[in-house]
Amino acid sequence: MNIDAVMRLAPVIPVIVIDDAARARPLAEALVAAGHRALEVTLRTPAAFEAIAEMAKVEGAVVGAGTVLDEAQLDRAIAAGARFIVSPGLTERVGRVAIERGIAFLPGIATAADIMRGLDMGLDRFKFFPAVASGGIPALKALSAPFGMARFCPTGGITEATAPDWLALPSVVCVGGSWMTAPA
């Protein structure tokens with residue numbers, strides 16, 4: 001499954017920070033039952049890899065690893081069952097490794113230079129992060145204008161109340177929603 005297909009599974013991808021892997025599978029079951037098949041588990045806790053493995057057992061779940069910072073985390077996430085990788089930024093090393101591994105990859109961008117680096121690598125789907133701190137909707141509109149081929153998943157400061165405003169932008173396929181499982 002490529003990253004565009006993952007992004008189109010639902011308008012909101014839950015961004016999950018989980019401290020207890022025992023809660024992972026029931027949480028994934030509830031989210032999938034509610035129509036949220038793409039699940040991003042952040043690598044911010046010691047339980048993250050085990051949580052990915054548990055969530056990956058849920059029928060219909062497409063589990064990804066978020067906050068991936070390096071090759072070791074990327075490989076460990078894949079081994080745990082991650083089907084997509086989300087990174088807060090775009091480095092050539094992590095980008096190239098994701099491409100080599102053939103895993104769906106959503107790198108973070110905040111500037112035109114970030115997008116151009118991604119395009120140079122053959123990427124055209126990006127996480128706009130941190131969305132609100134990087135200028136919000138006006139900034140993403142401005143970035144979208146010269147990069148009509150790019151599509152975005154804004155995350156970072158998006159709320160249930162503001163998600164529809166972001167989703168109304170033609171360049172936005174989905175948003176990341178940490179509010180959906182807080183606290184997981």
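This is a tour of a predicted model, stop by stop, with what to select at each one.

**Before starting**

Residues are numbered from 1 along each chain as its sequence is written. In this predicted model, local features need pLDDT of at least 70, side-chain atom pairs count only at pLDDT 80 or more, and totals for chains, interfaces and linings use all residues, while side-chain values use heavy atoms, with hydrogens and water left out.

**Stop 1: the sheet**

Show the strands first. Helices (H or I, at least four residues) and strands (E, at least two) are DSSP runs, numbered from the N terminus. Eight strands form an open sheet with parallel pairing, in the order β7-β6-β5-β4-β3-β2-β1-β8. Two strands pair if DSSP finds at least two bridges between them. Select 151-154 and 175-177: these are β7 and β8, the edge strands, and each has a single partner strand, so one side of each is left without a neighbour in the sheet. From one strand to the next, the twist averages 30°. Angles run from 0 to 180 degrees between N-to-C directions, and axes are lines fitted to C-alpha atoms, for helices over the stretch in contact.

**Stop 2: β5 and its partners**

Select 104-109, which is β5; two bridges join this strand to β6 (residues 125-128), and the two run parallel. G108 has K127 as its bridge partner in β6. On the β4 side, four bridges pair β4 and β5 in the parallel sense, and F84 stands opposite A104 in β5. Buried means under 20% relative accessible area, exposed over 50%, and partly exposed in between (1.4 Å probe, protein chains only). In β5, six of its six residues are buried. Show the side chains: A104, L106 and G108 point one way, whereas F105, P107 and I109 point the other way. In a regular strand the side chains alternate between the two faces of the sheet.

**Stop 3: β2 and β1**

Move to β2, where five of its five residues are buried. A38, E40 and T42 point one way from the strand, and L39 and V41 the other way. Two bridges join β2 to β1, and the pair runs parallel. The bridge partner of V15 in β2 is E40.

**Stop 4: two helices**

Select α3 and α4 (71-80 for the latter). The two helices pack at an angle of about 30°, and their axes are 8 Å apart. F49, I52 and A53 from α3 meet Q73, R76, A77 and A80 from α4, where contact means heavy atoms within 4.5 Å. The residues of this contact divide into five nonpolar, one polar and one charged. For these classes, Ala, Val, Leu, Ile, Met, Phe, Trp, Tyr, Cys and Pro count as nonpolar, Asp, Glu, Lys and Arg as charged, and the others, Gly among them, as polar.

**Stop 5: the cavity**

On a 1 Å grid over the protein atoms alone, a cavity is a set of points where a 1.4 Å probe fits but cannot get out; a pocket is an open set with protein on both sides within 12 Å along at least five of seven lines, and lining residues have an atom within 4 Å of a point. Grid points are joined across faces, edges and corners, and a volume is the space filled by probe spheres set on the points. The structure holds one cavity of 30 Å³ or more, and the largest has a volume of about 40 Å³. Select its lining: I13, V15, E40, F84, V86, L106, K127, C153, T155 and G176. Two or more of the lining residues come from each of β1 and β4. By class, the lining has six nonpolar, two polar and two charged residues.

Stay on G176, in strand β8. G176 counts as buried, at 5% relative accessibility. Leaving aside neighbours within four places in sequence, G176 is in contact with I13, V15, C153, P154, T155 and I158.

**Stop 6: the pocket**

The largest pocket holds about 170 Å³ of space. Select N2, I3, D4, A98, I99, I103, A104, F105, L123, D124 and R125 to show its lining. α1, α5 and β5 each supply at least two of these residues.

**Stop 7: two loop residues**

Select F129 and P130, which are joined by a cis peptide bond with omega of about -15°. P130 is in the loop between β6 and α7. Last, select T67, in the loop between β3 and α4. T67 is not a glycine, although its phi is positive, about 60°. At 17% relative accessibility, T67 counts as buried.
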